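Got your viewer open and a way to select residues by number? Load the structure below and we'll walk through it stop by stop.

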Amino acid sequence: MPEDLNNMYRVRGHVKWFDPAKGYGFVVSDEGGPDILLHVNVLRNFGQSSVADGAGIEIMTHRTDRGVQAVEVISVDPPARADTMMLADFAELDPVEIAAAPLVAARVKWFDKGKGFGFANVFGRGEDVFLHIEVLRRSGLADLQPGEALAMRVIDGQRGRMAAQVMAWEAAMDD
């Protein structure tokens, strides 16, 4: 962390790419300029372990002798996707209905990015909830780690309970 934080700047941009396995990625500012390093620890302080490529992001940055780095994540917006495939489970649902579903606290049981799905366990219940990669992408996430705390809006899908929206628990507290 830089010693002198007097030269911090608020930047709005999008995630160029982020690799949770490497522990970092880069943000491109809407105003142009050099790529901005986004370290996983900065993202974790926001309550997420990953962020989707193309997601909108607002960050506080600081210029160091090694380049511009994010020091705080302020907000993350899901990537705009015109080509987003609609899951059959959501085809009949009104987005207002999904948004009206209560947020429930859950912890990731497992998630396999390669397979494109996983499960989370709802706190205080024996209920497992299906997590699909497209729901993560629409929620601005790219991957999940076992044990990660989440807030989810859960619906009854064609194959059982499934997450319709996923967010970091800390981000949900502001909702």
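This tour moves from the inside of the model to a loop, a hairpin, a helix and some charged pairs. Keep in mind that you're looking at a predicted model.

**Stop 1: the main core**

Start by selecting Leu38, Val51, Ile57, Ile59 and Val73. They belong to the largest nonpolar core, which has 19 residues, and these five touch the most other members. Now colour β1 (8-19), β3 (36-39), α1 (40-46), β4 (56-64) and β5 (67-77), because each of these elements gives two or more residues to that core.

Next, zoom in on Val51. What does Val51 touch, if you skip residues up to four places away in sequence? Show Val15, Phe18, Leu38, Leu43 and Val76, then add Gly140, Leu141 and Ala142: those are the contacts of Val51.

There's also a second, separate core, made of 18 residues. To find it, pick out Ala106, Phe111, Ile133 and Leu150, which are among its members.

**Stop 2: a proline in a loop**

Jump to Pro102, in the loop between α2 (95-100) and β6 (103-112). Is Pro102 buried or exposed? Its relative accessibility is 57%, and the cut-off for exposed is over 50%, so Pro102 counts as exposed.

Now show Met152, Arg153 and Val154. Pro102 is in contact with these three, leaving aside its neighbours within four places in sequence. Try a distance label from Pro102 to Val154, C-alpha to C-alpha: they are 7.7 Å apart in space, though 52 residues apart in sequence.

**Stop 3: a hairpin**

Select residues 117-122 for β7 and 128-132 for β8. The two strands run antiparallel and are joined by five bridges. For one pairing to look at, click Phe117 in β7; across from it, His132 is its bridge partner in β8.

Together β7 and β8 form a hairpin, with five residues between them. In the turn, look for Gly124, which has a positive phi of about 80 degrees. Before you leave, turn on a surface: β8 is mostly covered, with four of its five residues buried.

**Stop 4: a buried glutamate**

Move along to helix α3 (residues 133-138) and click Glu134. Glu134 has a relative accessibility of 11%, which is under 20%, so it counts as buried. What does the side chain of Glu134 make a polar contact with? Show the side chain of Arg137, at 2.6 Å.

**Stop 5: salt bridges**

How many salt bridges does the structure hold? There are eight, and here are some to visit.

- Select Asp77 and Arg12. Their closest N and O atoms are 2.4 Å apart. This salt bridge links distant parts of the chain, with Asp77 in β5 and Arg12 in β1, 65 residues apart. Asp77 is partly exposed at 32% relative accessible area, and Arg12 is partly exposed at 31%.
- Select Asp35 and Lys16, whose side chains meet at 2.7 Å, N to O. Asp35 sits in the loop between β2 (24-29) and β3, while Lys16 is in β1, 19 residues apart. Lys16, at 43% relative accessibility, counts as partly exposed.
- Select Arg161 and Asp156, which meet at 3.1 Å, N to O. Asp156 counts as exposed at 61% relative accessibility, whereas Arg161 is partly exposed at 31%.

For your last selection, add Arg125 and Glu127 to that final pair: salt bridges that share partners join Arg125, Glu127, Asp156 and Arg161 into one network.

How values were computed: Residues are numbered from 1 along each chain as its sequence is written. This is a predicted model: local features need pLDDT of at least 70, side-chain atom pairs count only at pLDDT 80 or more; totals for chains, interfaces and linings use all residues. Side-chain values use heavy atoms; hydrogens and water are left out. A nonpolar core is a set of buried Ala, Val, Leu, Ile, Met, Phe, Trp, Tyr and Cys residues joined through side-chain atoms within 4.5 Å. Buried means under 20% relative accessible area, exposed over 50%, partly exposed in between (1.4 Å probe, protein chains only). Contact means heavy atoms within 4.5 Å. Two strands pair if DSSP finds at least two bridges between them. A polar contact is a pair of N or O atoms within 3.5 Å; within protein, one must be able to donate a hydrogen and the other to accept it, and residues adjacent in sequence count only if both atoms are side-chain atoms. A salt bridge is a side-chain nitrogen of Lys or Arg within 4 Å of a carboxyl oxygen of Asp or Glu.
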